[in-house]
Amino acid sequence: MSQTLTEVAQTLKDNNKKVQLIYAFNGIGKTRLSREFKDLVAPKNNQEGDNSVKILYYNAFTEDLFYWDNDLDADTDRKLIVRPNGFTDLALKFLKDENQDGNIITNFQHHTTTKITPSFNENFSEITFSYLSGGNNSVPNVKISKGEESNFIWCVFYSLIEQIVELLNTEKEDRSSHDFDDLKYVFIDDPVSSLDDNHLIELAVNLAIHIKKSNGLNFVISTHNPLFYNVLFNELSNKACYMLMKNDDGSYDLNEKKGDSNKSFSYHLHLKGTIEEAINNKTIEKYHFILLRNLYEKTANFLGYPEWKILLPNDRQLYYNRVIQFTSHSTLSNEVVPEPSEAEKGIVEFLLKHLVDSKYWKEEIEPPATGNQLVNTPIDVVEPITDQLDNATV
């Protein structure tokens, strides 16, 4: 039965499972759902004087609590500033009292690079970054990339959760702080946009460890990333799993699923449908290349081929390079990737039609003699658009 987003949030709140995993494509409403859930658990019109923390959440609003002072006049003293409010004041004081600056730095450098070192001011309200350049020269007050910034903010939140779990596992009278005694929910929305697959898996495993250790906390985790979802699915028990879908009339369906994304979501069909919708509406973006690659990878895996590029049409390396351009698994994969040109958007339509129409779905092809050799089986589907590719942006 279709629901409003508020009703979906109420359904999640009424569930007694320790963990609720939600899969949804980008643009469905995961961030809005986290806000609706927060407003149900801790409405702004709560009783006067009730300052207890009942929910912590990580989403796009969490990242907005951090902003840059770029020192536009002198252009030298650049720093990341935390907006003061009830949550940040409480959280930063707790992290400072627990001496968590070193832990945050360690986590950040592990997921990015040891050449960048954050430094906190006395009350944790400002952070500067130094960069170790060639010859071991340290460059102070650098501005980090958007991907690194997102990663840093997640590491702050992750360290907070890590310490709170330890705190709440301590006898109440022995706790170093009582600010989180009433905490019941943690809502995490997509902390994975700037991580490669290896770090993504590691993050999911580590997060699952703390979830399993937690005492009295309920977690709601939403994501658009099937790998992140599947790792958590396999690591956690006592969970409810859903796929969130948005209907044409603006209502939502929260469909319960019993398996991981590959087994219960017909995920390849959702990928195919999402790409087709973007093609029909002429709204192809960078992430549709990721979905296309994912569809090729899943098809190749299902059919038993060692490499997904085997399924590409003639001029495989050309098409492979174009897809890789938008889906490279760099450490911070959302950096400096240009928007696709019109010719490159045409690649998405061409390669989707090729995969759907291809005889690879119908007959077995001999695998390559060696792991890196490509099969050169011609496929008469549609003519390649190499003339357009020649003029496309690299």
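**Briefing: a six-stranded sheet and the helices packed on it**

An open sheet of six strands, ordered β2-β8-β9-β1-β10-β11 with mixed pairing, is found in this structure. β2 (55-58) and β11 stand at its edges with a single partner strand each, so one side of each has no neighbour in the sheet. From one strand to the next, the twist averages 20 degrees. The model is predicted.

**The chain as a whole**

- The secondary structure of the protein chain consists of 14 helices and eleven strands.
- The protein chain has 394 residues, of which 48% are buried.
- Among contacts in the protein chain with a separation of 6 or more, 70% join residues 24 or more positions apart.
- The accessible surface of the protein chain is about 19500 Å², and carbon and sulfur atoms account for 45% of this area.

**Strand pairing and helices on the sheet**

- Strands of a sheet pair through backbone hydrogen bonds, in either a parallel or an antiparallel sense.
- β10 and β11 pair in the antiparallel sense, over six bridges.
- Lys246 stands opposite Tyr252 in β11.
- Helix α8 (residues 226-235) packs on the sheet and touches β1, β9 and β10; the direction of α8 makes about 155 degrees with that of β1.
- Helix α1 lies across β1, β8 (185-189), β9, β10 and β11, and runs at about 30 degrees to β11.

**The buried side of helix α1**

- In helix α1 (residues 5-14), the buried residues are Leu5, Val8, Ala9 and Leu12.
- These residues lie on the same side of α1 because they cover an arc of only 100 degrees around the axis.
- An α-helix has 3.6 residues a turn, so residues three or four places apart point the same way.
- The buried residues of α1 pack against the strands β1 (19-23), β9 (218-223), β10 (239-246) and β11 (252-257), and also against α2 (30-41).

**The nonpolar core**

- In soluble globular proteins, nonpolar side chains tend to be buried together.
- The largest nonpolar core here has 106 residues, and those touching the most other members are Leu33, Phe37, Phe129, Phe152, Leu244 and Leu351.
- Helix α6 (residues 146-168) supplies the largest share of this core, with 13 residues.
- Leaving aside neighbours within four places in sequence, Leu244 is in contact with Val8, Ile22, Tyr23, Ala24, Ile28, Leu33, Tyr252, Asp253 and Leu254.
- Among these partners, Val8 is one of the buried residues of α1, and Leu33 is, like Leu244, one of the core residues that touch the most other members.

Methods
Residues are numbered from 1 along each chain as its sequence is written. This is a predicted model: local features need pLDDT of at least 70, side-chain atom pairs count only at pLDDT 80 or more; totals for chains, interfaces and linings use all residues. Side-chain values use heavy atoms; hydrogens and water are left out. Buried means under 20% relative accessible area, exposed over 50%, partly exposed in between (1.4 Å probe, protein chains only). Helices (H or I, at least four residues) and strands (E, at least two) are DSSP runs, numbered from the N terminus. The arc is that of the directions from the helix axis to the C-beta atoms. Contact means heavy atoms within 4.5 Å. A nonpolar core is a set of buried Ala, Val, Leu, Ile, Met, Phe, Trp, Tyr and Cys residues joined through side-chain atoms within 4.5 Å. Accessible areas come from the Shrake-Rupley method with a 1.4 Å probe; for residues, only the protein chains shown count as cover. Two strands pair if DSSP finds at least two bridges between them. Axes are lines fitted to C-alpha atoms, for helices over the stretch in contact, and angles run from 0 to 180 degrees between N-to-C directions.
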